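I opened this notebook to record what could be looked up in one structure. The entries follow the order in which I consulted the model.

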Amino acid sequence: MRQHGKLEYGGHAAPQRTCVGCRVRTAKSELLRLVRIEDHLVPDLRGRLSGRGASLHPSLSCLELAERRRAFPRAFRVTGPLDVSRVRAHLEEESRNVM
Ligand SMILES: [Zn+2]
């Protein structure tokens with residue numbers, strides 16, 4: 001019997017969310033929470049913004065996937081397009097820091 005996996009993290013199942021880009025379920029702490037402010041999406045970096053949110057891996061490829069799949073209007077239950085430029089700018093900045 002193998003006992004690997006979540007138990008190694010202290011026995012608590014971490015809360016999970018599904019990335020709106022690649023649809024992979026991941027620990028909530030690994031995902032970036034996005035919230036909508038009017039027709040803009042912004043990264044909720046401190047987890048303090050209220051309202052409906054969407055979870056995304058902090059990666060540009062998942063952002064692009066989500067856009068291509070029109071996942072954001074669906075996640076936020078709006079019909080119009082949502083501006084993701086602030087999210088993209090944040091992710092671009094993050095990826096520069098990692099490089
Ligand atoms: Zn993803």
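Which residues coordinate the zinc ion? I looked this up before turning to the rest of the model, which is a predicted one. The zinc ion is held by Cys19 through SG, Cys22 through SG, His57 through ND1 and Cys62 through SG, at 2.0 to 2.3 Å.

**Entry: the zinc site**

I checked the geometry next. The angles among the four donor atoms of the zinc ion run from 100 to 117 degrees, and the site is tetrahedral. I then read the spacing of the donor residues along the sequence, and noted it as C-x2-C-x34-H-x4-C. The pair Cys19 and Cys62 links distant parts of the chain, 43 residues apart. Cys19 sits in the loop between strand E1 (16–18) and strand E2 (25–27), whereas Cys62 belongs to helix H1 (residues 60–68).

Are Cys19 and Cys62 buried or exposed? I found a relative accessible area of 0% for Cys19, so Cys19 is buried. Cys62 is likewise buried, because its relative accessible area of 7% falls under 20%.

**Entry: the fold as a whole**

I recorded three helices and five strands for the protein chain. From the N terminus on, the order of elements is β-β-β-β-β-α-α-α. The protein chain has 99 residues, and buried residues make up 28% of them.

**Entry: the largest pocket**

What is the volume of the largest pocket? I noted a value of about 190 Å³. Its lining consists of Arg17, Lys28, Ser29, Leu31, Leu32, Arg33, Asp44, Gly47, Gly53, Ala54 and Ser55.

I then asked which elements supply this lining. Strand E3 (32–37) and strand E5 (53–56) each give at least two residues to the lining of the largest pocket. E5 has the largest share, with three residues. Sorted by class, the lining of the largest pocket holds three nonpolar, four polar and four charged residues.

**Entry: salt bridges**

How many salt bridges does the count come to? I obtained two salt bridges. Side chains of opposite charge can pair when their charged atoms come close.

One salt bridge joins Arg33 and Asp44, with the closest N and O atoms 2.9 Å apart. This pair links distant parts of the chain, since Arg33 lies in strand E3 and Asp44 in the loop between strand E4 (40–43) and E5, eleven residues apart. Both residues also appear in the lining of the largest pocket. I looked up their accessibility as well: Arg33 is partly exposed at a relative accessible area of 27%, while Asp44 counts as buried at 6% relative accessibility.

The side chains of Glu67 and Arg88 also meet in a salt bridge, at 2.6 Å from N to O. Here too the pair links distant parts of the chain: Glu67 is in helix H1, Arg88 is in helix H3 (residues 85–98), and 21 residues separate them. For Glu67 I read a relative accessible area of 34%, which means that Glu67 is partly exposed. Arg88 counts as partly exposed at 25% relative accessibility.

**Entry: loop residues**

I turned to Arg48, which lies in the loop between E4 and E5. Arg48 counts as exposed, because its relative accessibility is 69% and the cut-off is over 50%. I also noted that the C-alpha atoms of Arg48 and Arg33 are separated by 9.9 Å, with the two residues 15 apart along the chain.

Where is Glu38 placed? I located Glu38 in the loop between E3 and E4. Glu38 is exposed, with a relative accessible area of 66%. Its C-alpha atom is 9.5 Å from that of Asp83, although Glu38 and Asp83 are 45 residues apart in sequence. The phi of Glu38 is near 55 degrees, a positive value in a residue other than glycine.

Arg77 also drew my attention on account of its backbone. Arg77 is not a glycine, yet has a positive phi of about 55 degrees. I found Arg77 in the loop between helix H2 (71–76) and H3. At 67% relative accessibility, Arg77 counts as exposed.

Technical notes. Residues are numbered from 1 along each chain as its sequence is written. This is a predicted model: local features need pLDDT of at least 70, side-chain atom pairs count only at pLDDT 80 or more; totals for chains, interfaces and linings use all residues. Side-chain values use heavy atoms; hydrogens and water are left out. Donors are N, O and S atoms within 2.8 Å of the metal (3.2 Å for Na, K and Ca); water is not among the atoms, so sites may look incomplete. Four donors count as tetrahedral if all angles lie between 85 and 135 degrees; four count as square planar and six as octahedral if opposite donors are over 155 degrees apart and all others between 65 and 115; anything else is irregular. Helices (H or I, at least four residues) and strands (E, at least two) are DSSP runs, numbered from the N terminus. Buried means under 20% relative accessible area, exposed over 50%, partly exposed in between (1.4 Å probe, protein chains only). On a 1 Å grid over the protein atoms alone, a cavity is a set of points where a 1.4 Å probe fits but cannot get out, and a pocket is an open set with protein on both sides within 12 Å along at least five of seven lines; lining residues have an atom within 4 Å of a point. Grid points are joined across faces, edges and corners, and a volume is the space filled by probe spheres set on the points. Ala, Val, Leu, Ile, Met, Phe, Trp, Tyr, Cys and Pro count as nonpolar, Asp, Glu, Lys and Arg as charged, and the others, Gly among them, as polar. A salt bridge is a side-chain nitrogen of Lys or Arg within 4 Å of a carboxyl oxygen of Asp or Glu.
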